[in-house]
Amino acid sequence: CDEGSSYRPAIFHATEEERSKAEAVREGILASRPEWDPATAIVPLLKRPKFWEAEEYHQNYYTKKPEDYGYFKRSCGRTTRLKSVWGKREYACYHDLEARCFGGRVVNEEGDEVDAEVNRKDVPEEVAGALPQWAIITLVVGVLLICRVSCYLWHESKRRRQVSMEEVERKCSDG
């Protein structure tokens, strides 16, 4: 699944104030999770680099290709990993389209309690495809190619047998 330096977690800051806030939040999270080892729960605070927006086909991928995304999520074990990190109850809360865990209310960035908005992009319920679309296309093309080659070989074999039979008949009639 997603691996490599571009997938490592980090907290990016543009100002010293943002860095201080991020450090305080990180320390608060570690304090609230005594079962986590601070030595292994390392997420670096980095100066924010230039941000490059991904190409259009990457934007909202889970809405454009839900079966492919579902396949990826299932095959990578993402759901299992999130449940082990967050806990099953928290995972269920944050994936509940009716926001029942929050009583339908949440606190926004300004500190005001507001109605929870869920599924704002109207994404259908997640479905994991048997295979990603590119793999299905590759399999279909492969099967069609195998059929075509098999038919060619069968016809070629039949033609050679016909030629052999004609030679045998000609030799028998000459002999």
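Is asparagine 60 buried, exposed or partly exposed? At 33% relative accessibility, asparagine 60 counts as partly exposed in this predicted model, because the partly exposed class runs between under 20% and over 50%. The views below start with the whole chain, then zoom in on a few spots, including this one.

**View 1. The whole chain, from end to end.**
Let's get our bearings: the chain has 6 helices and 4 strands. Walk along the sequence and you meet them in the pattern β-α-β-α-α-α-α-β-β-α. The chain is more spread out than a compact globule, because its radius of gyration is 30 Å, well over the 16 Å that the globule rule gives for 175 residues. Along its principal axes, the C-alpha trace spans about 105 × 35 × 35 Å. Buried residues make up 10% of the 175 residues. Now take the contacts between residues at least 6 apart in sequence: 52% of them join residues at least 24 apart.

**View 2. The surface and its charges.**
How much area does the chain expose? About 14,700 Å², with carbon and sulfur atoms supplying 57% of it. As for charges, the chain has 28 positive and 31 negative ones, and their mean positions are 7 Å apart.

**View 3. Arginine 26 and its neighbours.**
Look for arginine 26 in helix H1, which covers residues 16-32. Leaving aside residues up to four places away in sequence, arginine 26 touches Val43, Pro44 and Leu45. One detail to pick out is at valine 43: its backbone oxygen lies 2.3 Å from a polar atom of the arginine 26 side chain.

**View 4. Helix H3 and what covers it.**
Which residues of helix H3 (residues 66-76) are buried? They are Asp68, Gly70 and Lys73. Their cover includes other helices: H2 (61-64), H4 (78-86), H5 and H6 (133-174). Right after H3 comes glycine 77, whose phi is positive, near 75°.

**View 5. Asparagine 60, back again.**
This is the residue from the opening question, and you can find asparagine 60 in the loop between strand E2 (45-47) and helix H2. Here's a bit of background: most residues other than glycine have a negative phi. Asparagine 60 has a positive phi, near 50°.

**View 6. Alanine 99, tucked into a loop.**
Alanine 99 sits in the loop between helix H5 (88-94) and strand E3 (105-107). Is alanine 99 buried or exposed? With a relative accessible area of 5%, alanine 99 is buried, because buried means under 20%. Not counting residues up to four places away in sequence, alanine 99 touches Gly104, Ala116 and Val118. Valine 118 is 19 residues away along the chain, but the C-alpha atoms of alanine 99 and valine 118 are separated by 7.3 Å. Check the backbone here too: alanine 99 is not a glycine, although its phi is positive, about 50°.

**View 7. Aspartate 96, in the loop between H5 and E3.**
Aspartate 96 counts as buried, because its relative accessibility is 13% and the cut-off for buried is under 20%. Which residues does aspartate 96 touch, not counting those up to four places away in sequence? Its contacts are Cys101 and Val118. You have already met Val118 in the previous view, where alanine 99 touches it.

Notes: Residues numbered from 1 in each chain as written. Predicted model: local features only at pLDDT ≥ 70, side-chain atom pairs only at ≥ 80, totals over all residues. Heavy atoms only, no water. Helix = DSSP H or I, 4+ residues; strand = E, 2+ residues; numbered from the N terminus. Polar contact = N/O pair within 3.5 Å; in protein donor to acceptor, adjacent residues only side chain to side chain. Contact = heavy atoms within 4.5 Å. Rg over C-alpha atoms; globule rule 2.2 N^0.38 Å. Buried < 20%, exposed > 50% of the residue type's maximum accessible area, 1.4 Å probe, protein only. Areas by Shrake-Rupley, 256 points an atom, 1.4 Å probe, with all protein chains shown as cover. Lys, Arg positive; Asp, Glu negative; His and termini not counted. Charge placed at Lys NZ, Arg CZ, Asp CG, Glu CD.
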